[in-house]
Amino acid sequence: MDAGSSSSSAPLHVVLCPWLAFGHLLPYLELAERLASRGHRVSYVTTPGNIARLPPVRPAVAPRIELVALPLPHVDGLPDGADSTNKVPHGKSELLWKAFDKLGNPFLEFLGAACASGKRPDWLIVDIFHHWAAAAALEHKVPCAVFLLSSASNIASWDSRWSSWRADPAAAAAKLAATGHEQPGTVPHYESKKKTQLFANQEPSGMSIVQCFFLTLERCTVAVMRSCPEWEPESISLLNTLMGRPVIPLGLLPPSPDGGRGATTVDGDDANRAVRELAHGLELSGTRFLWALRKPSGVVDDADILPPGFIERTRGRGSVAMGWVPQTSILAHGAVGAFLTHCGWSSITEALLFGRPLVMLPIAGDQGPNARIMEGKKVGMQVPRDEDDGSFDRQGVASTVRAVMHDEETRTVFVANAKELQGIVADNELHEGYIDRFIQQLRSYYQK
């Protein structure tokens with residue numbers, strides 16, 4: 001390695017490549033800032049549109065973070081500017097994947113130029129779908145790590161099928177497509193159907209998402225995870241065995257408790273019926289609320305997605321913000337009694353940073369498993385869903401909100417457990433210590 005850091009004290013140069021979704025982009029930015037705060041140089045690679053939508057980098061570390069813009073290649077049918085999951089119109093997600101796969105060559109050129117210029121990165125840290133970035137790292141002999149943003153518990157739950165996925169992902173996906181369930185009896189039917197499609201469907205690359213993950217993992221030296229043994233003691237140790245390579249905990253990467261940096265979104269579900277049932281449920285609950293709702297693509301008038309008269313009937317106790325809000329700052333406010341969330345891991349972490357109990361309405365991806373983990377920890381309650389199609393109604397929303405907010409016996413349990421977990425999430429010394437040890441391990445692997 002001709003131009004990397006040669007001494008144990010020289011600053012590292014780390015390239016970060018997040019997936020094109022804000023639930024991934026923001027944790028990568030948190031990691032970038034923590035590395036830069038320790039004097040290391042970071043190249044953060046994403047599309048120009050995503051760079052424009054990121055919150056500002058903290059001034060103290062900005063000189064050491066380079067935001068590298070790789071334009072998303074054109075794909076017929078994908079609108080201009082649709083370079084993240086929350087900008088893609090309904091039914092067009094396959095086109096985003098197609099464009100994403102085409103980023104492989106521009107990234108290879110970027111990495112080749114960096115190495116040729118004498119600024120060879122010391123490490124590349126990639127998301128689980130970036131098999132082409134991991135391949136580029138191998139070609140240029142740059143050590144590569146895959147960054148796992150799901151909970152360790154969620155990934156470890158694949159235990160019974162892990163060996164089959166590793167041995168032959170295509171055959172395992174075909175079996176999953178035939179059975180319709182990944183873990184019969186443990187996952188709601190509507191969720192298992194979605195997971196079946198996710199794992200078995202072929203992306204434009206010709207691989208399922210699971211195949212992309214295992215190919216990325218195969219090309220990486222280590223895995224890093226936004227978790228820690230204090231949070232998931234059994235699962236973290238299990239993953240080292242399951243993955244066949246070291247798994248390095250990063251801690252939970254909680255945001256700054258002062259909520260001072262930028263804004264995040266609280267996503268609304270884009271299906272009109274779901275939005276309206278949620279609105280009616282909030283109204284029926286009788287609870288004060290602030291609802292941050294992403295306006296669906298193609299909707300011009302905000303009122304078109306809410307029930308007629310909803311704004312007027314809830315004026316004085318409810319407010320709807322279309323799009324972006326400073327989520328961390330809001331959760332920090334003493335008036336917040338609970339957080340209604342889709343259960344992305346970042347949002348859960350932010351809520352528990354301030355000891356807020358949860359009203360849980362998972363929609364996709366790892367949100368369902370995350371919600372079940374939080375239910376097991378007794379920090380909140382899921383909105384009831386139809387077992388077959390996953391639909392929910394206003395009565396279910398209202399009763400769940402009232403249980404978490406107003407039922408004294410239930411709320412006492414949820415608040416107490418949320419406060420207990422706050423002791424882990426808000427332990428800044430604990431999480432900063434994991435970042436320090438992570439950097440030490442990067443140096444150790446680099447020097448081997």
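**Close-up views of a predicted model**

**View 1. Strand 5 and its buried residues.** Strand 5, a DSSP run of type E with at least two residues, numbered from the N terminus, covers residues 144–148 and is mostly covered, since five of its five residues are buried, where buried means under 20% relative accessible area with a 1.4 Å probe and protein chains only. Cys144, Val146 and Leu148 point one way from strand 5, whereas Ala145 and Phe147 point the other way, and all are buried. In a regular strand the side chains alternate between the two faces of the sheet. The model is predicted, and local features need pLDDT of at least 70, while side-chain atom pairs count only at pLDDT 80 or more and totals for chains, interfaces and linings use all residues. Residues are numbered from 1 along each chain as its sequence is written, and side-chain values use heavy atoms, with hydrogens and water left out.

**View 2. The strands paired with strand 5.** Strand 4 (residues 123–126) runs parallel to strand 5 and is joined to it by three bridges, pairing being assigned if DSSP finds at least two bridges between two strands. Within this pair, Val126 stands opposite Val146 of strand 5. Strand 5 also pairs in the parallel sense with strand 6 (residues 222–225), over four bridges, and here Ala145 stands opposite Val222 of strand 6.

**View 3. Contact between helix 17 and helix 18.** In this view, Ala403, Val404 and Met405 in helix 17 meet Thr410, Arg411 and Phe414 in helix 18, where contact means heavy atoms within 4.5 Å and helices are DSSP runs of H or I with at least four residues.

Note on methods
Buried < 20%, exposed > 50% of the residue type's maximum accessible area, 1.4 Å probe, protein only.
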